[in-house]
Amino acid sequence: MLNVYICEDNKLQREQLERIVTHSIIKQKLDMKVALSTGDYRDIVDYPRYEGNSSLFMLDIDLKADMNGIQLAEILRDKYADCFIVFVTTHSELSYLTFQYKVEAFDFIIKDNPEQFLARVEECLRKAYERYLKRGGDTQRITIETDESIINVKYEDVLFFETSSSPHKIKLHERNRQIEFYGTLKELEKQLDDRFYRCHKAYIVNVNNIKEIDKLKRAVHMINGETCYVSFRYYNGLIKALMIENER
């Protein structure tokens with residue numbers, strides 16, 4: 001997921017930008033979200049969970065503070081070399097400063113024309129997301145379409161899949177979220193590689209993310225504390241798959 005962080009000192013403009021970004025994400029079915037929207041640059045500097053390549057910062061230049069948006073961008077670029085930085089401002093005359101401070105801005109969006117502004121934000125988000133996916137290189141991913149969005153999930157981030165209580169749906173478990181989508185485990189098995197093993201009629205597990213297996217309860221404990229189960233029929237096969245992956 002590509003997280004968006006907004007820093008705009010004007011409350012009305014900040015809320016408007018947040019609405020536009022959220023609407024554009026939903027409209028284009030992008031695997032993105034607004035993770036933080038603030039008027040205080042210190043909230044951006046002190047935010048604890050940035051992931052570099054997975055971060056897009058949308059910054060006003062004039063923050064009415066002892067630090068402007070370009071200086072903030074310089075700090076972010078030093079810390080997170082692969083992040084996306086976008087300036088959203090009325091000060092087009094200050095664009096040259098982005099080169100002076102070497103912040104490598106991904107885009108520079110002017111607020112003046114409301115219709116153009118909406119289109120520019122939408123285009124910026126789409127291009128940033130496309131670039132974000134390309135940066136994944138040869139990393140294998142599964143593409144999932146939900147009612148709200150199209151989501152690309154790295155194989156390595158998947159803990160397990162299970163049949164959902166909702167008819168004809170599967171639930172994907174990652175470390176910090178779960179995603180429901182239409183499909184069957186039988187169809188899904190054909191798409192996945194050898195790190196995934198059908199350990200139960202209701203589960204497909206990523207053996208690389210198994211923490212331990214309770215042999216008596218046939219419970220498979222994952223690295224984030226979640227649990228799925230292995231049936232008697234598939235137990236030996238799971239152990240074999242786990243050993244093969246550990247030897248690679």
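1. In what order do the five strands of the open sheet stand, and is the pairing parallel or antiparallel? The order is β10-β9-β8-β12-β11. The pairing is antiparallel. Bear in mind throughout that this is a predicted model.

2. Look next at the borders of this five-strand sheet. β10, residues 178-182, is one edge strand, and β11, residues 196-200, is the other. Each of these edge strands pairs on one side only. Between neighbouring strands of the sheet the average turn is 25°, with direction ignored.

3. Take the β11 end in detail. β11 pairs with β12, which covers residues 203-206. Four bridges link the two strands, in the antiparallel sense. For a landmark, find R198: this residue stands opposite I204 in β12.

4. β11 also takes part in an aromatic contact. The whole structure holds 10 aromatic pairs. One of interest here is F161 with F196: the ring centres are 6.0 Å apart and the planes lie at 50°, so the pair counts as tilted. F161 belongs to strand β8 (residues 160-163) and F196 to strand β11, so the contact ties together parts 35 residues apart in sequence.

5. A three-strand sheet deserves its own point. This sheet is open and runs in the order β13-β14-β15, again with antiparallel pairing. Its edge strands are β13 (210-214) and β15 (227-229), and each pairs on one side only. From one strand to the next, the twist averages 25°.

6. Within that three-strand sheet, follow β14, residues 219-222. Three bridges join β14 to β15, and the two strands run antiparallel. H221 stands opposite T227 in β15.

7. Now the second largest pocket. Its space amounts to about 180 Å³. The lining has 14 residues, and those closest to the pocket centre are I25, I26, M32, E148 and S149. By type, the lining divides into seven nonpolar, four polar and three charged residues.

8. Which elements each supply at least two residues of that lining? They are α1 (11-28), β2 (32-38) and β10. The last of these is also an edge strand of the five-strand sheet. Both domains contribute: domain 1 (2-136) and domain 2 (150-246) each give at least three residues to the lining of the second largest pocket.

Key:
Residues numbered from 1 in each chain as written. Predicted model: local features only at pLDDT ≥ 70, side-chain atom pairs only at ≥ 80, totals over all residues. Heavy atoms only, no water. Pairing = 2+ DSSP bridges. Axes fitted to C-alpha atoms, helices over the stretch in contact; angles between N-to-C directions. 1 Å grid on protein atoms, 1.4 Å probe; cavity = no way out; pocket = protein on both sides within 12 Å on 5 of 7 lines; lining within 4 Å. Points joined across faces, edges and corners; volume = space filled by probe spheres on them. Nonpolar A, V, L, I, M, F, W, Y, C, P; charged D, E, K, R; others polar. Domains from an automatic or database assignment. Phe/Tyr/Trp six-rings, centres within 6.5 Å; stacked < 30°, edge-to-face > 60°.
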